[in-house]
Structures are given as structure tokens and as C-alpha cells.
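Below are some remarks for a colleague, set out as numbered points to be read beside the coordinates.

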Amino acid sequence: MKAAVFRHGINLWPPFLFTGIHVTDVSPDYRHVRVELRMRPWNRNYVGTHFGGSLFAMTDPFWMLTVMQNLGRDYYVWDRAGEIEFLKPGRGTVAAEFRLDEPLLDQLRAATADGGKYLHWFSNDIVDAQGEVIARVRKQVYLRLKPGARQRAG
């Protein structure tokens, strides 16, 4: 799917649309994604800062999706675990970016070349408008080369 179509579609996806989460950029090769979370009355917590669940949700699918788009159909790619560390209260519009590069993709391919499973931890920050880190998110992605894919690649 073209990145622009994906960006438009995910911005209409109800869990993002109704929480103020907005994907502002998806590069054509899916190696860069930028997501914002705008402060809305319905995503504030009791003390007037961003609800932690919304902060986590804004980062949830993107490592899996970017890896899946770049490795292709010969791989199983699933989210396996996630964690968030809240560092300071988030107010206003906050953002997160996801970047894949070729050395990392080569590492993932090499780690799964024998057909075994590989668990990789990705990490990124959520920053406020001043660029200060308000939360750090880690996602563990499960990867495995599908049976038969080694023969096709070889």
C-alpha cells in the first residue's frame, strides 16, 4: 500500500481519530513515521496532562508496521511486548518518530536467516513542543522467516 494512502487511512482509524492521534508523515519507503498527539478534553487525565494510555497508543503499531513493510511477506512480524516510562507531564501537542535504516534491517534479516525466532527491542522518545522528552517507549517485536522463504531466497 502506498504510504500516503496508509497515512490517510490510519488517521481515520477510530482509535486514532477519536483520541487526537495524528500521523503527520510516512515516508514512501516506510522507514520514517512521525506521529503527534494533540491535547483534547477527552485525552486528558485527572490532573490535566496527557492520558498515559493515549501516549502509549500513539506509538503502538509503528515499529511492527515499518518492519513488516520493509522485510516483506516472507516474514512473520508481530508486536510481543511493550513498556512506557513517564518522565514528565505531557501537555499540548507531543510527538514521536520512528526511523529504520538499512544496517538495522540487515541485522534483522541476519538474525532470522536460519528460520528461528528473533525478538528485537525498539526504543523511542515522546517529546513535547520544546523537544523535551516526556516519555520513553520500548516495543519488542517478534520476527521469524516463514517456512519455505529460505528456499525462495537461496
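1. Arg109 deserves the opening place, and at 27% relative accessibility this residue counts as partly exposed. Its salt-bridge partner is Glu102, with 3.1 Å between the closest N and O atoms, and Glu102, at 31% relative accessibility, is likewise classed as partly exposed. The pair does not stand by itself, since salt bridges with shared partners tie Arg31, Glu102, Asp106 and Arg109 into one network. The reader should keep in mind throughout that this is a predicted model.

2. Which residues of α5 are buried? They are Leu104, Leu105, Leu108 and Thr112, and because their directions, seen down the axis of α5, fall within an arc of 100°, they line one face of the helix. A general point of helix geometry is useful here: with 3.6 residues a turn, residues three or four places apart point the same way. The other side of α5 carries Pro103 and Ala110, both of them exposed. As for the surroundings, the buried residues of α5 pack against the helix α4 and the strands β3, β5 and β6.

3. The packing of α5 against α4 can be described further, as the axes of α4 (residues 62-71) and α5 (residues 102-112) come within 11 Å and cross at roughly 75°. An angle from 65 to 115 degrees counts as roughly perpendicular, and α4 and α5 are therefore roughly perpendicular to each other. On the α4 side the contact is made by Val67, Asn70 and Leu71, and on the α5 side by Leu105, Leu108 and Arg109. By residue class, the contact of α4 with α5 divides into 4 nonpolar, 1 polar and 1 charged. Arg109 thus appears twice in this note, in the contact with α4 and in the salt bridge with Glu102.

4. Helix α1, which spans residues 3-12, has Ala3, Phe6, Ile10 and Asn11 as its buried residues. Seen down the axis of α1, these buried residues fall within an arc of 125°, so they line one face of the helix. Ala4, Val5, His8 and Leu12 are exposed and sit on the face of α1 turned away from the buried side. The elements against which the buried residues of α1 pack are α2 (14-17), β1 (21-26) and α4 (62-71), and α4 is also among the elements packed against by the buried residues of α5.

5. Two residues of α1 may be considered one by one, beginning with Asn11, which lies in this helix and counts as buried because its relative accessibility is 9%, where the cut-off for burial is under 20%. Leaving aside residues up to four places away in sequence, Asn11 touches Leu17, Ile21, His22 and Val23. His8, also placed in helix α1, is exposed, with a relative accessible area of 52%. The C-alpha atoms of His8 and Val26 are 9.9 Å apart in space, while the two residues are 18 residues apart in sequence.

6. What is the sign of phi at Tyr30? The value is positive, near 60°, in a residue other than glycine, and the general expectation is that most residues other than glycine have a negative phi. Tyr30 is located in the loop between β1 and β2 (32-37), and at 5% relative accessibility Tyr30 counts as buried.

7. The structure holds 12 salt bridges, and the one between the side chains of Glu83 and Arg138 has an N to O distance of 3.1 Å. This pair links distant parts of the chain, with Glu83 in strand β3 (residues 75-86) and Arg138 in strand β6 (residues 133-145), 55 residues apart. Both residues are partly exposed, Glu83 at 36% relative accessibility and Arg138 at 30%.

8. A further salt bridge joins Glu132 and Lys88, whose closest N and O atoms are 2.8 Å apart. Here too distant parts of the chain are linked, since Glu132 is in the loop between β5 (118-127) and β6 and Lys88 in the loop between β3 and β4 (94-99), 44 residues apart. Glu132 counts as partly exposed at 41% relative accessibility, and Lys88 counts as partly exposed at 31%.

Key:
Residues are numbered from 1 along each chain as its sequence is written. This is a predicted model: local features need pLDDT of at least 70, side-chain atom pairs count only at pLDDT 80 or more; totals for chains, interfaces and linings use all residues. Side-chain values use heavy atoms; hydrogens and water are left out. Buried means under 20% relative accessible area, exposed over 50%, partly exposed in between (1.4 Å probe, protein chains only). Helices (H or I, at least four residues) and strands (E, at least two) are DSSP runs, numbered from the N terminus. The arc is that of the directions from the helix axis to the C-beta atoms. Contact means heavy atoms within 4.5 Å. A salt bridge is a side-chain nitrogen of Lys or Arg within 4 Å of a carboxyl oxygen of Asp or Glu. Axes are lines fitted to C-alpha atoms, for helices over the stretch in contact, and angles run from 0 to 180 degrees between N-to-C directions. Angles under 35 degrees count as roughly parallel, over 145 as roughly antiparallel, 65 to 115 as roughly perpendicular and the rest as oblique. Ala, Val, Leu, Ile, Met, Phe, Trp, Tyr, Cys and Pro count as nonpolar, Asp, Glu, Lys and Arg as charged, and the others, Gly among them, as polar.
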